[in-house]
Amino acid sequence: MEELLRPGERVDDLQRKGYRIIQNGRLFCFGMDAVLLAAFAGVKRGERMLDLGTGTGVIPILLEARTEGAFFAGLEICEASADMAGRSVKLNGLEDKISIIRGDIREADRIFPPASFDVVTSNPPYMTASHGLVNPNPEVAAARHEILCTLEDVVSQAARLLKPRGRFYMVHRPFRMAEIIRTLGKYRLEPKRLRLVYPFADKEPNMLLVECLLDGRPRVKVEPPLIIYEKPGVYTREVRELYNMQIQAGKAVQEE
C-alpha cells in the first residue's frame, strides 16, 4: 500500500466491504453530503453509473460496494483529486469495475458517448461567485464555488449522458431549491424524490437530496426529513443504521 501513497496523504476506512480511500487533508476531502448522496442513489443490477465531479472517487466506490451495478465511472477536473481517486480504485482492486477519468464536466458529452449511462450522480459546487469567501486553494475553491462549472453545466451534461428514462441524483443546498427545480425542468429532468437533511431537528435544513427521471411524468415524492444529530457529536439512530457508520470517514470534514 505504501507505494500508492504520496506525502501528506492518508487512508480512510469506508466501513463497506473493507474498502478504503486515499485523501489529503490539505485538499478538499469528502464530507457527509457525498456519503448521504451515495446512500440515497440507486444503481440496479447491470446498470452503468457516472459521477460528475467525483473528487477522490468516494461516490463510485461506495455505490460499487452497496449495489449490483455493472460499471462505475468518475469524472474529475482537478489533477490531484483524480490521481488519488485512481489510486483508491487500485487500492481496493476495483480496476475492472470503476474508471476514473480526468476531464471537464462542461465537456462530459465529448468524453463519454451521449445517452450511455443509466445513472448519473453529482455533488457539485454549492456556491456561486457571490456566495461567501473563495478559498485561496484553487482545488478547494473549485469544489465549493462555481468556478469551473455551474449548476446548469452539471444538469445539462447529466441530461445528455443519461439513457432514455435514466436517473439523476444530486445533493445541493436548500436555499437554491427554486433555481434547481427550474434548471432540472429546462433539461427534461423531472424530480421524483426529494429529501431535506437537517443537522438537528430544531434547525433549518442544510442539504437537499433529489432524484430525477429523464422525461419522467410530473409527480414527486417528498420523503421524511433526515436528521443527522440527536445532540452534538451523537448521530441519530437512522443515520447509524442507514449508513453503517461509514460516515465516520467524513466526520472530520463536515460540509462547508
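The following dialogue examines how the terms applied to this predicted model are justified.

Student: On what basis are the residues and values stated?

Tutor: In this predicted model, local features need pLDDT of at least 70 and side-chain atom pairs count only at pLDDT 80 or more, while totals for chains, interfaces and linings use all residues. Residues are numbered from 1 along each chain as its sequence is written, and side-chain values use heavy atoms, with hydrogens and water left out.

Student: What makes up the secondary structure of the protein chain?

Tutor: The protein chain has 8 helices and 13 strands. Helices (H or I, at least four residues) and strands (E, at least two) are DSSP runs, numbered from the N terminus.

Student: Why is Glu-79 called exposed?

Tutor: A residue is buried under 20% relative accessible area, exposed over 50%, and partly exposed in between (1.4 Å probe, protein chains only). Glu-79 has 53% relative accessibility, and therefore counts as exposed. Glu-79 belongs to helix α3 (residues 79–91). The C-alpha atom of Glu-79 is 9.6 Å from that of Gly-55, although the two residues are 24 residues apart along the chain.

Student: What makes Gln-15 and Ala-115 count as partly exposed?

Tutor: Gln-15 has 35% relative accessibility, so it counts as partly exposed. Ala-115, with a relative accessible area of 39%, is partly exposed because that value also falls in the range between the two cut-offs. Gln-15 sits in the loop between β1 (9–13) and β2 (20–24), and Ala-115 in the loop between α4 (108–111) and β6.

Student: What is phi near in Gln-15 and Ala-115?

Tutor: Phi is near 60° in Gln-15 and near 55° in Ala-115. Each is a positive value in a residue other than glycine. Most residues other than glycine have a negative phi.

Student: Why is strand β6 described as largely enclosed?

Tutor: Strand β6 covers residues 117–122, and 6 of its 6 residues are buried, so the strand is largely enclosed by the rest of the structure. For the protein chain of 256 residues, 54% count as buried.

Student: How do you know that β6 pairs with strands β3 and β7?

Tutor: Two strands pair if DSSP finds at least two bridges between them. Strand β3 (residues 48–52) and β6 have 4 bridges in the parallel sense, and Leu-50 stands opposite Val-120 in β6. β6 and strand β7 (residues 162–172) have 5 bridges, also in the parallel sense, with Phe-117 partnered by Leu-162 in β7. Both pairings therefore satisfy the definition.

Student: What joins β7 to β9, and how do they run?

Tutor: β7 and β9 run antiparallel and are joined by 6 bridges. One of the bridge partners is Glu-211 in β9, which stands opposite Tyr-169.

Student: What makes helix α2 and strand β7 count as mostly covered?

Tutor: In helix α2 (residues 58–66), 8 of the 9 residues are buried, including Val-58, Ile-59 and Pro-60. In β7, 8 of the 11 residues are buried.

Student: What qualifies a set of residues as a nonpolar core?

Tutor: A nonpolar core is a set of buried Ala, Val, Leu, Ile, Met, Phe, Trp, Tyr and Cys residues joined through side-chain atoms within 4.5 Å. The largest such core has 35 residues, and Leu-14, Val-58 and Ile-228 have the most contacts inside it. The elements that give two or more residues to this core are α1 (32–40), α2, β7 and β9 (207–214). Of these, α1 gives the most, with 7 residues. Apart from this core lies another, of 29 residues, among them Leu-52, Ala-108, Ile-180 and Leu-189.

Student: Which residues make the contact between helices α6 and α7, and how do these helices pack?

Tutor: Helix α6 (residues 151–161) and helix α7 (residues 177–186) pack at an angle of about 35°, with axes 9 Å apart. Axes are lines fitted to C-alpha atoms, for helices over the stretch in contact, and angles run from 0 to 180 degrees between N-to-C directions. The contact (heavy atoms within 4.5 Å) is made by Leu-151, Glu-152 and Val-155 of α6 and Glu-179, Ile-180, Thr-183, Leu-184 and Lys-186 of α7.
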